[in-house]
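Hi,

Here is the structure I promised to pass on. Have a look at it first, and my notes on what turned up are underneath.

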Amino acid sequence: MSNERNKKILLELVKLPENSRCADCGAPEPDWASYKLGVFVCLNCSGIHRGLSSRVKSIRLDFWEDELVEFMKSTGNVNARAVYEKAVPPYYYRPQENDCSALREQWIRAKYQRKEFTGETKYPPLAYTTGFHEGILWKKGKENMHFLKRKFVLSEREFTLTYYNKEDESKGPKAVISIKDLNATFQPQKIGHPHGLQITYQDEDKTRNIYVYHESSEEIVVWYNAIRAARYAYLKTAYPTGSDEELIPKITRNYLKEGYMEKTGPLLKESFKKRWFILDSQNRKLLYFKDQLDAEELGGIFIGTENNGYSVKECVPKHARGNKWTCGVTVETPERQFVFMCEQEREQKQWLNALRKVLSRPMSPQDYTAEAHIRGQHDSLLNGGSDDFCPTRLTVVARCWRSGMLLKCSLRNDPLAPK
């Protein structure tokens with residue numbers, strides 16, 4: 001065959017539905033191929049394959065011998081997956097094209113180099129199959145940017161993640177974190193390390209963050225998937241009738257949108273202050289922090305649906321003062337109006353689109369419970385009249401999602417208050 005004919009055949013092969021996306025990250029229109037493995041991959045993943053000596057070529061630019069083209073025809077992405085992804089655990093995270101390089105590299109190494117998922121080796125690692133993992137991670141200090149070595153212990157049996165300030169466990173743990181509300185997401189740019197991982201959890205009425213990394217990309221990805229394995233086990237226990245299709249998206253998640261905005265107080269008379277915002281679409285919460293690497297939230301806003309009195313729109317507040325930015329976003333809730341300012345119009349549109357995605361999703365019974373809890377915090381904010389929530393005057397308005405009744409009680413004194 002001539003080289004031009006071979007390229008034509010390859011271009012036809014890559015148009016087939018089973019080959020039209022990268023075999024490893026799902027990016028559309030892959031234009032590279034590993035002729036050792038017989039898979040079509042994107043440019044980014046081809047670089048990782050090249051580092052593994054997987055022998056890659058450009059479909060369009062390189063010379064293709066007849067026997068290599070025949071091998072690509074006989075293999076392809078589907079046949080390769082049947083071998084290399086035969087036994088991927090349901091909780092194991094399959095990276096997408098926009099995920100960080102550590103996740104994508106370790107996914108490719110796990111499949112083709114370590115052969116973790118062929119069902120014929122000792123893999124996957126014991127951290128996934130035994131429900132227990134321990135080791136040292138570099139953790140950011142709560143009040144500073146210093147990262148120090150800390151021992152972490154993950155127990156699926158106890159559904160906890162524990163860490164110690166000292167390697168000597170006899171002095172007890174610094175924190176025992178429940179797996180119940182835990183989330184883990186890679187944040188390399190935010191943390192300033194290519195293997196940076198953000199772990200978020202609930203501590204009483206506050207959302208807290210810890211930021212960690214490991215020098216080894218393999219080890220941090222093992223930690224990430226070990227956490228996912230424990231979360232999966234918890235969800236299977238908490239929702240025994242739930243299908244994998246329902247539960248897997250709930251194991252961990254990336255946040256829909258993050259970034260700085262300016263906010264003012266409930267009376268719209270206080271000066272605007274710059275805050276770091278995180279939109280968690282799964283929990284329908286817009287959380288805000290003083291800075292992007294803060295350990296504890298300052299407050300949170302529940303984002304319901306339009307049918308329940310929530311809305312979002314762009315705005316230019318007339319009576320606000322102190323704002324340095326001019327691209328406004330208004331979030332309306334049944335209790336009050338929240339006004340935020342973005343630095344650029346592009347950021348404003350991104351926030352509007354992200355918030356509208358949450359607004360358009362129907363609420364579940366669990367969402368109504370969360371709404372009742374956070375609306376109580378809004379009552380406190382109105383009473384306090386300050387920029388950020390005042391936890392000492394926390395009141396809860398509990399909505400019965402079936403009847404629509406509102407029940408108001410003190411969180412501190414009433415045993416019926418939501419926990």
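Let me start with arginine 208 and glutamate 296, whose side chains form a salt bridge with an N to O distance of 2.6 Å. Arginine 208 sits in strand β10 (residues 206–213), while glutamate 296 is in the loop between β13 (285–289) and β14 (299–302), so this pair ties together parts that are 88 residues apart in sequence. Arginine 208 counts as buried, because its relative accessibility of 17% is under the 20% cut-off. Glutamate 296 has a relative accessible area of 27%, which makes it partly exposed. Bear in mind that this is a predicted model.

Alanine 295 is in that β13–β14 loop too. What does alanine 295 touch, leaving aside residues up to four places away in sequence? The contacts are Lys142, Thr207, Arg208 and Asn209. Alanine 295 is itself buried, at 15% relative accessible area. Its C-alpha is 6.1 Å from the C-alpha of isoleucine 210, although the two residues are 85 apart in sequence.

Next up is glutamate 258, which makes a salt bridge with lysine 190; the closest N and O atoms are 2.7 Å apart. This one also links distant parts of the chain: glutamate 258 belongs to strand β11 (residues 257–263) and lysine 190 to helix α7 (residues 188–191), with their positions 68 residues apart. Lysine 190 is buried, with a relative accessibility of 10%.

Then there is the salt bridge between glutamate 218 and arginine 114, at 3.8 Å from N to O. If you build your own contact list, note that the pair counts because 3.8 Å is within the 4 Å cut-off. Here the two partners are 104 residues apart, with glutamate 218 in helix α8 (residues 217–238) and arginine 114 in the loop between α5 (101–113) and α6 (126–129). Is each partner buried or partly exposed? Glutamate 218 is partly exposed at 35% relative accessible area, whereas arginine 114 is buried at 14%.

Finally, the wider picture on charges. How many salt bridges are there in total? The count comes to 21. Among the residues involved, Asp24, Arg81, Glu85, Arg94 and Lys111 are joined in a salt-bridge network, so you may want to view those five together.

Cheers

Key
Residues numbered from 1 in each chain as written. Predicted model: local features only at pLDDT ≥ 70, side-chain atom pairs only at ≥ 80, totals over all residues. Heavy atoms only, no water. Helix = DSSP H or I, 4+ residues; strand = E, 2+ residues; numbered from the N terminus. Buried < 20%, exposed > 50% of the residue type's maximum accessible area, 1.4 Å probe, protein only. Contact = heavy atoms within 4.5 Å.
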